[in-house]
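Subject: Structure handover

Hello,

I am passing this structure on to you. Please open it first and keep it beside the notes as you read.

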Amino acid sequence: MEVIGRGEKVRTAVLAATLTELTEKGYAGLTVDEIARRTGVHKTTIYRRWGDLRTLVLDAMTENATMDIPIPDTGEIEQDLRRLAESFVDWITSTTGRAILAVLLSDAAGLPEIADIPRKLYEDGPRRVAPMIAAAVDRGELPADIDPAGLVKTLLAPIFFDLVITGVAVDEKTAAHAAAVALVAAREGLLKAV
């Protein structure tokens with residue numbers, strides 16, 4: 001277990017510097033030397049803690065998505081899904097979100113050190129929304145056999161499609177549409193756990 005204090009401050013500073021460097025220079029221009037220079041932390045400290053650049057980038061990307069996409073708890077699944085979709089739109093269209101998406105869609109995605117990142121980010125979503133979904137099941141708003149991963153995938157798919165495939169700007173309207181589609185699919189029993 002990590003002790004909060006200097007260690008946590010160093011971790012926070014290094015993760016922030018990693019995202020800044022990623023935003024400014026892209027994955028190809030990312031170096032531990034520059035991250036160390038930005039933070040005033042010796043590069044051996046970075047290597048000792050993360051081991052390699054891939055692990056550091058994964059930690060920075062996952063931490064950012066976790067912090068910037070809060071899981072709502074309004075007491076009503078329709079509002080929760082809409083707010084979750086809005087938070088995702090806000091994150092993915094932010095400077096950092098766009099930088100992360102650019103890395104995941106670039107030729108860097110074929111590198112072993114990057115290829116696993118989308119899966120790790122995706123796995124985190126259903127785990128984080130599980131309590132929100134369980135509460136909706138308890139309130140009778142969703143069927144008991146719903147698959148949290150299927151709900152997250154259905155919620156995010158229209159947003160990704162518009163942003164990545166068609167190039168259409170995503171906004172609150174996109175989020176509302178995505179939430180409505182996911183809710184209908186869930187209530188119709190189309191997102192059953194296998």
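The notes below go from the whole chain to single residues.

Please bear in mind that this is a predicted model.

Overall make-up

The protein chain has ten helices and zero strands. Written in sequence order, the pattern is α-α-α-α-α-α-α-α-α-α. The C-alpha trace spans about 55 × 40 × 30 Å along its principal axes. There are 194 residues in the chain, and buried residues make up 40% of them. About 10,300 Å² of the protein chain is exposed, with carbon and sulfur atoms supplying 56% of that area. Taking contacts between residues at least 6 apart in sequence, 64% join residues at least 24 apart.

The nonpolar core

The largest nonpolar core holds 59 residues, and the members that touch the most others are Tyr27, Ile46, Leu142, Leu151 and Leu155. Helix 5 provides the largest share of this core, with eight residues. For a closer view of one member, take Leu151. Apart from neighbours within four places in sequence, Leu151 is in contact with Leu81, Ile133, Leu142, Ile146, Ala182, Ala186 and Leu191.

Two buried residues

Ile35 sits in helix 2, which covers residues 32-39. Its relative accessible area is 0%, so Ile35 counts as buried. Beyond its neighbours within four places in sequence, Ile35 is in contact with Val14, Ala17, Thr18, Glu21, Leu30, Ile46, Leu53 and Leu56. The C-alpha atoms of Ile35 and Ala16 are 9.1 Å apart, and these two residues are separated by 19 residues along the chain.

Ala60 belongs to helix 4, residues 53-68. With a relative accessible area of 1%, Ala60 is buried. Outside the neighbours within four places in sequence, the contacts of Ala60 are with Leu15, Thr18 and Leu19. Between Ala60 and Thr39, 21 residues apart along the chain, the C-alpha separation is 14 Å.

Salt bridges

The count of salt bridges comes to eleven. One of them joins Asp59 and Arg11, whose closest N and O atoms are 3.0 Å apart. This pair links distant parts of the chain, with Asp59 in helix 4 and Arg11 in helix 1 (residues 6-25), 48 residues apart. Arg11 is buried, because its relative accessible area of 13% falls under the 20% limit.

A salt bridge also forms between Lys25 and Glu21, again with the closest N and O atoms 3.0 Å apart. Both residues lie in helix 1, four residues apart, which is about one turn of the helix. Where the two stand in terms of exposure is as follows: Lys25 is partly exposed at 38% relative accessibility, whereas Glu21 is buried at 0%. Lys25 and Glu21 also belong to a network of salt bridges that links them with Glu24, Glu34, Arg37 and Arg38.

In helix 5, Arg82 and Glu86 are four residues apart, about one turn of the helix. Their side chains meet in a salt bridge of 3.4 Å, N to O. Arg82 is partly exposed at 35% relative accessibility, and Glu86 is partly exposed with a relative accessible area of 22%.

A buried charge without a partner

Asp80 is also placed in helix 5, residues 77-92. Why does Asp80, which is buried, have no salt bridge? The nearest side chain of opposite charge is Arg139, 4.1 Å away, and a salt bridge has to be within 4 Å, so the pair does not count as one. Arg139 is nevertheless among the contacts of Asp80. Leaving out neighbours within four places in sequence, the others are Pro72, Asp73, Thr74, Gly75 and Met132.

A nonpolar patch on the surface

Leu105, Phe160, Phe161, Val164 and Ile165 make a nonpolar surface patch of about 470 Å². Which helix gives the most to the nonpolar patch? It is helix 9 (residues 148-166), with four residues. Ile165 is placed in helix 9. Ile165 is exposed, because its relative accessible area of 59% is over the 50% limit.

Regards

Technical notes. Residues numbered from 1 in each chain as written. Predicted model: local features only at pLDDT ≥ 70, side-chain atom pairs only at ≥ 80, totals over all residues. Heavy atoms only, no water. Helix = DSSP H or I, 4+ residues; strand = E, 2+ residues; numbered from the N terminus. Buried < 20%, exposed > 50% of the residue type's maximum accessible area, 1.4 Å probe, protein only. Lys, Arg positive; Asp, Glu negative; His and termini not counted. Contact = heavy atoms within 4.5 Å. Patch = residues over 30% accessible without salt bridge, like charges linked within 9 Å, V, L, I, M, F, W, Y side chains within 5 Å. Areas by Shrake-Rupley, 256 points an atom, 1.4 Å probe, with all protein chains shown as cover. Core = buried A, V, L, I, M, F, W, Y, C linked by side-chain atoms within 4.5 Å.
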